[in-house]
Amino acid sequence: MNPFQEKMTHLIELSGLNEPAVTFDIEERRVDVFANEGPWLKRWLPTIVSDFHHVVNLIAQRENLELFYVDVNSYRKERD
């Protein structure tokens, strides 16, 4: 795991989500997060996705990486 992946995994673990699973696709610049949460999460998904997207891309810029596509519990995939 590279330093960027370690930082992102640690950040998401600190977010307080229940049992988060983080997958990275560096070639496609994609970060997927899956969390075992109850129905309350659906209401907050747009905000959570936006916030994670912002923070992940700030860290990516600091690491001189291209921007990443961030999705939480397939929210963006379902929306598209």
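**Loop residues, helix packing and side-chain contacts in a predicted model**

Arg 29 is placed in the loop that lies between strand 1 (21-25) and strand 2 (30-34). The structure described here is a predicted model, and every value reported for it was computed from that model. The phi angle of Arg 29 is near 55 degrees, which is a positive value in a residue other than glycine. With a relative accessibility of 33%, Arg 29 counts as partly exposed, because that class covers the range between the 20% limit for buried residues and the 50% limit for exposed ones.

A positive phi is also found at Asn 73, where the angle is near 50 degrees in a residue that, again, is not glycine. Asn 73 is situated in the loop between strand 3 (69-72) and helix 3 (75-79), and its relative accessibility of 22% places it among the partly exposed residues. Asn 73 is in turn touched by Glu 78, which also touches Lys 42 when residues up to four places away in sequence are not counted. Glu 78 itself is found in helix 3 and, with a relative accessible area of 58%, is exposed.

The packing of two helices was examined next. The axes of helix 1 (residues 3-14) and helix 2 (residues 40-62) come within 11 Å of each other and cross at roughly 150 degrees. Since an angle over 145 degrees counts as roughly antiparallel, helix 1 and helix 2 are therefore described as roughly antiparallel to each other. The crossing of these two helices is right-handed. On the side of helix 1, the residues that take part in the contact are Phe 4, Lys 7, Met 8, Leu 11 and Ile 12, and they meet Phe 52, Val 55, Val 56, Ile 59 and Ala 60 on the side of helix 2. Sorted by class, this contact between helix 1 and helix 2 comprises 9 nonpolar residues, no polar residues and 1 charged residue.

Thr 9 likewise lies in helix 1, and with a relative accessible area of 18% this residue is buried. Apart from residues up to four places away in sequence, Thr 9 touches Met 1, Val 22 and Phe 24. In the segment before helix 1, Asn 2 is found, and this residue is partly exposed, with a relative accessible area of 30%. A polar atom of the side chain of Asn 2 lies 3.0 Å from the backbone nitrogen of Phe 4, and Phe 4 is also one of the helix 1 residues that meet helix 2. Although Asn 2 and Glu 66 are 64 residues apart along the chain, their C-alpha atoms are separated by 15 Å.

A side-chain to backbone contact was likewise found for Asn 57, a residue that lies in helix 2. At 6% relative accessibility, Asn 57 counts as buried, because the value is under 20%. The side chain of Asn 57 reaches the backbone nitrogen of Phe 68 at 2.5 Å. When neighbours within four places in sequence are left aside, Asn 57 is in contact with Leu 67 as well as with Phe 68.

Methods
Residues numbered from 1 in each chain as written. Predicted model: local features only at pLDDT ≥ 70, side-chain atom pairs only at ≥ 80, totals over all residues. Heavy atoms only, no water. Axes fitted to C-alpha atoms, helices over the stretch in contact; angles between N-to-C directions. Helix = DSSP H or I, 4+ residues; strand = E, 2+ residues; numbered from the N terminus. Parallel < 35°, antiparallel > 145°, perpendicular 65-115°, else oblique. Left-handed = near helix turned anticlockwise from the far one by under 90°. Contact = heavy atoms within 4.5 Å. Nonpolar A, V, L, I, M, F, W, Y, C, P; charged D, E, K, R; others polar. Buried < 20%, exposed > 50% of the residue type's maximum accessible area, 1.4 Å probe, protein only. Polar contact = N/O pair within 3.5 Å; in protein donor to acceptor, adjacent residues only side chain to side chain.
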